[in-house]
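Student: I would like to work through some side-chain contacts and a pocket. Can we go step by step?

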Amino acid sequence: MRMRGEESEEALMEAYVGGDAAAFRRLFERLAPSLHAFFRRSAGAATADDLLQATFLKVHGARGRWRPGERLRPWVFAIAANVRADWARRQGRAAEEELREEDLPAAADPGDPGADALSRERGDRVRAALGQLTEAQRVVLQLHRFEGLGFAEIGRALGISEGAAKLRAFRAYGELRAALADLVSEDGS
């Protein structure tokens, strides 16, 4: 959420394209946390740093091709998705790398070992279910669920139609529901 008097990401990008180095620093501060989280969910914390740096190098190289008047986040996440896909190809697979224990969220009640174990087990199950999705489904799901992009924006970012983005998300959510049905019925939600 933008504070009153705070420049939009698009205004910062316009200033950066015009040569304002301070605008780039502010833009990096705004976008880096979301991009890092996007990479960390699929590649782990250590690799996320490298992918984040590679993304901003590509943003820098492509800054003249960004079209003022368009939303910036979908454009940047298109670059990030390509960086991530390139990384996955270099790994020789499109599956998610296992996340280390430090990447797991903390349990709701750290004093309850049963709740902690249950939380870890659920996290492992969710990661395994996400790992069963195709790379294309996983990227659409992450951009929609975690980055809040609409399907038209996702389609433009990935070079697919809005309908194709919706279909990938529909299939991904369906596969997750099927794989995690017992967890949903345990929670009652």
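Student: Is E162 buried, partly exposed or exposed?
Tutor: This is a predicted model, so the value is computed from its coordinates. E162 has a relative accessible area of 39%. Buried needs under 20% and exposed needs over 50%. E162 is therefore partly exposed.

Student: Which residue forms a salt bridge with E162?
Tutor: Look along helix α8, residues 162-179. The partner lies four residues from E162, about one turn of the helix. The closest N and O atoms are 3.6 Å apart. The partner is K166.

Student: What is the relative accessibility of K166?
Tutor: K166 counts as partly exposed. That class lies between the cut-offs of 20% and 50%. The value for K166 is 41%.

Student: How many residues apart in sequence are the parts that R41 and E147 tie together?
Tutor: R41 and E147 form a salt bridge, with the closest N and O atoms 3.0 Å apart. R41 lies in helix α2 (residues 21-43), while E147 is in the loop between α6 (135-146) and α7 (151-158). The pair therefore ties together parts whose separation in sequence is 106 residues.

Student: Is E147 buried or exposed?
Tutor: Its partner R41 is at 21% relative accessibility and counts as partly exposed. E147 is at 14%. The cut-off for buried is under 20%. So E147 counts as buried.

Student: What separates D86 and R89 in helix α4?
Tutor: Their side chains meet in a salt bridge, 2.4 Å from N to O. D86 is partly exposed at 28%, and R89 is exposed at 59%. Both lie in α4 (residues 72-91), three residues apart. The separation is about one helical turn.

Student: Which residues are linked with R84 in a network of salt bridges?
Tutor: The structure holds 10 salt bridges. The network that includes R84 links it with two other residues, E135 and R138.

Student: Which helix supplies the largest share of the lining of the second largest pocket?
Tutor: This pocket has a volume of about 250 Å³. Its lining includes P74, W75, E153 and R156. Two helices, α4 and α7, each supply at least two lining residues. The largest share, four residues, comes from α4.

Student: How many residues of that lining are charged?
Tutor: Among the lining residues are W66, I79, R65 and E70. Six of the lining residues are nonpolar, and none are polar. The charged residues number six.

Note on methods: Residues numbered from 1 in each chain as written. Predicted model: local features only at pLDDT ≥ 70, side-chain atom pairs only at ≥ 80, totals over all residues. Heavy atoms only, no water. Salt bridge = Lys/Arg side-chain N within 4 Å of Asp/Glu carboxyl O. Buried < 20%, exposed > 50% of the residue type's maximum accessible area, 1.4 Å probe, protein only. 1 Å grid on protein atoms, 1.4 Å probe; cavity = no way out; pocket = protein on both sides within 12 Å on 5 of 7 lines; lining within 4 Å. Points joined across faces, edges and corners; volume = space filled by probe spheres on them. Nonpolar A, V, L, I, M, F, W, Y, C, P; charged D, E, K, R; others polar.
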